[in-house]
Amino acid sequence: FNEAAGNGGGLANLGSAGVEVSTISSNAADGMGGGIYQDAFAGDLGLTNVTVYRNGAGDGGGLYWPGGSLAMTNPVLADSVSGGDCSGAPPSRGHNLASDLSCDLTGPGDLQQMQPMLTELKVYLDSGIRSHFPLDGSPLDGAGDPAATPPVDQNGTNTAAAPTFIGSTAKLPMGTVLGTGRLYQSQTNGFHIYDTVLHHEVAAYPTQEAGNWLVVNPDGTRLYSMYGEDVNVYEIDGDTLTPAGQFHRYGLLGFDISPSG
């Protein structure tokens, strides 16, 4: 969520840089290189297991590369909101994915004009890192270069169960992932929902029985609230809460949600 009035919304490389098992997401540049800008006179740039996703620029929404030394292995360059996924047809070492044809990928195992099938930004609770996790059936799973795949992904997850992958994350651990950017607060006058990226309140439900105990299920679709002797259930749709049921439990002191939800 960075913005540049010039070039390089996420990263502007004017020297030499190496980016590994990282996410560069939702950045914008008025000039070139919404996600990554490589200066024409810069040194080396290396990208290994990097997810460059939903960035935008006037040219090179994901990556602007005018020439020079570039090594790309196992990156995602996808869904740029403007400027295309690439500018300059960067050289590929193989096993890259782009959602359009602007990167002109011709290396072994390269995937072009293909959707990576990623989640919205989600927080992995063990690391606190926001990532775009591959969904079931994603072409990223098992498509990476075995010789270059890191032993752990961006969130520190051991990749033995998914030894090859493209992008920064190997899999979606649903039991420990929550939708990012939302804080649910319970007060005596109802629920309040805050955007933790833009730091402001986005919704309030003053007439709901918020109670003093809140739990959101792992996939972020339901909120459970203890109020007095009852547990109230709400469906979560964006910033909208809809009552979905109530359970009466006398003497309830607290509760939690199992990893499976």
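This passage goes through the fold, the sheet pairing, the disulfide and the salt bridges of the structure shown above.

The model is a predicted one, so local features are only taken at pLDDT of at least 70 and side-chain atom pairs at pLDDT 80 or more, while totals for chains, interfaces and linings use all residues. Residues are numbered from 1 along each chain as its sequence is written, and side-chain values use heavy atoms, with hydrogens and water left out.

On secondary structure, the tally is zero helices and 22 strands; both are DSSP runs numbered from the N terminus, with helices being H or I of at least four residues and strands being E of at least two. Of the 261 residues in the protein, 45% are buried, where buried means under 20% relative accessible area, exposed means over 50%, and partly exposed is in between (1.4 Å probe, protein chains only). The protein exposes about 12000 Å², and carbon and sulfur atoms supply 51% of that area; accessible areas come from the Shrake-Rupley method with a 1.4 Å probe, and for residues only the protein chains shown count as cover. As for contacts (heavy atoms within 4.5 Å), 51% of those between residues at least 6 apart in sequence join residues at least 24 apart.

Now for the sheet. Strands 2, 5, 8 and 11 line up in the order 2-5-8-11 as an open, parallel sheet, with two strands counted as paired if DSSP finds at least two bridges between them. Strand 2 (11-13) and strand 11 (86-87) sit at the edges with a single partner strand each, so one side of each has no neighbour in the sheet. Strand 11 pairs with strand 8 (residues 63-64) in the parallel sense, over two bridges, and Y64 is found opposite S87 of strand 11.

Strand 11 also takes part in the disulfide. Just one disulfide turns up under the criterion of two cysteine sulfur atoms within 2.5 Å. The cysteines are C86 and C103, with 1.9 Å between their sulfur atoms. C86 is in strand 11 and C103 is in the loop between strand 12 and strand 13, so the pair ties together parts 17 residues apart in sequence. The link of C86 and C103 is right-handed, with 80° about the S-S bond. Both ends are buried: C86 has a relative accessible area of 5%, and C103 comes in at 0%.

Further along the chain, strand 19 (residues 213-216) and strand 20 run antiparallel and are joined by four bridges. W213 has M226 of strand 20 as its bridge partner. The two strands make a hairpin with five residues between them, and G220 in the turn has a positive phi of about 75°.

Strand 20 brings in the salt bridges too. There are two of them, taking a salt bridge as a side-chain nitrogen of Lys or Arg within 4 Å of a carboxyl oxygen of Asp or Glu. In one, R222 and E235 meet at 2.7 Å, N to O. This pair links distant parts of the chain, with R222 in strand 20 (residues 222-227) and E235 in strand 21 (residues 230-237), 13 residues apart. R222 is partly exposed at 31% relative accessible area, and E235 is partly exposed at 28%.

In the other, E120 bridges to R54, with the closest N and O atoms 2.9 Å apart. Here, too, distant parts are linked: E120 is in the loop between strand 12 (97-98) and strand 13 (122-124), while R54 is in the loop between strand 6 (45-53) and strand 7 (56-59), 66 residues apart. E120 counts as partly exposed at 48% relative accessibility, and R54 is partly exposed at 30%.
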